[in-house]
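Here is a short report on charged pairs and one serine. Look at the sequence and structure first, then read on.

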Amino acid sequence: LRAASTCPASMASVHRVSNNSPLEGPCGVTVKDVPAGDFIVAYAAHLKRTGKVELPNWSDLVKTSKAKELAPYDPDWYYVRAAAIARRVYLRGNVGVGAMRKIYGGKQRRGTVKERFSLSGGSIPRHIFAQLEKMKILEKSDSQKGGRRITETGQRDLDSIAGQIKSADN
């Protein structure tokens, strides 16, 4: 016996790639249904556990932006950034290195002169995009704007992680 659908009637006809279980109905659980912080931590742990993401040899030395003074304290910061970038591309699509530089940029302190916005470095998102493309999570977009978009297998993987988080909360 199948339970009633948990998604609105307008969404029932929309086709989504997800992990449907008998209790979830036609929509299933997507990345949008779970809190961002919980998803990013869980997906970062998944990326680390699978071992498919190769850490660059400079990952323990690099600053993430010219506005930062120190490298990240968390030894797993690269996995967390990769998970956050994958989530961002899932939600938005057609996102490139320039957009990621803006998203992860911040206020640069310049001593006695007024602060101003500074972009983050571009090599980190570029390397993460290459790693996620190699894992078949992302692909280059066909649109004129360029950027990256999520693949069907990538969407399925991210939705399965979201489903695990949602089922752990219940």
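The text below covers the salt bridges, then a single serine.

This is a predicted model, in which local features need pLDDT of at least 70, side-chain atom pairs count only at pLDDT 80 or more, and totals for chains, interfaces and linings use all residues. Residues are numbered from 1 along each chain as its sequence is written, and side-chain values use heavy atoms, with hydrogens and water left out.

**Salt bridges**

Side chains of opposite charge can pair when their charged atoms come close. A salt bridge here is a side-chain nitrogen of Lys or Arg within 4 Å of a carboxyl oxygen of Asp or Glu. By this rule the model has five salt bridges. Three of the pairs are listed here, among them Asp-76 with Lys-48.

| Pair | Closest N to O distance |
|---|---|
| Asp-76 and Lys-48 | 2.9 Å |
| Glu-54 and Lys-134 | 3.0 Å |
| Arg-149 and Glu-139 | 2.8 Å |

Helices (H or I, at least four residues) and strands (E, at least two) are DSSP runs, numbered from the N terminus.

Start with Asp-76 and its salt bridge to Lys-48. Asp-76 sits in the loop between helix H2 (36–50) and helix H3 (77–92), while Lys-48 belongs to helix H2, so the pair ties together parts 28 residues apart in sequence. Asp-76 is partly exposed at 26% relative accessibility. Lys-48 is also partly exposed, at 44%. That class lies between buried (under 20% relative accessible area) and exposed (over 50%), using a 1.4 Å probe and protein chains only.

Next comes Glu-54, which pairs with Lys-134. Glu-54 is in the loop between H2 and H3, and Lys-134 is in helix H5 (residues 123–134). The two are 80 residues apart, and their pair links distant parts of the chain. Glu-54 is partly exposed, at 47%.

Arg-149 and Glu-139 bring two strands into the picture. Arg-149 lies in strand S4 (residues 148–150) and Glu-139 in strand S3 (residues 138–140), so this salt bridge ties together parts ten residues apart in sequence. Arg-149 is partly exposed at 32%, and Glu-139 is partly exposed at 29%. Salt bridges with shared partners join Glu-139, Asp-142 and Arg-149 into one network.

**Ser-65**

Is Ser-65 buried or exposed? Ser-65 is buried, at 5% relative accessibility. Its place is the loop between H2 and H3. The side chain of Ser-65 reaches the backbone oxygen of Leu-119 at 3.4 Å. Leaving out residues up to four places away in sequence, Ser-65 touches (heavy atoms within 4.5 Å) Ser-118, Leu-119, Ser-120 and Gly-121.

Key: A polar contact is a pair of N or O atoms within 3.5 Å; within protein, one must be able to donate a hydrogen and the other to accept it, and residues adjacent in sequence count only if both atoms are side-chain atoms.
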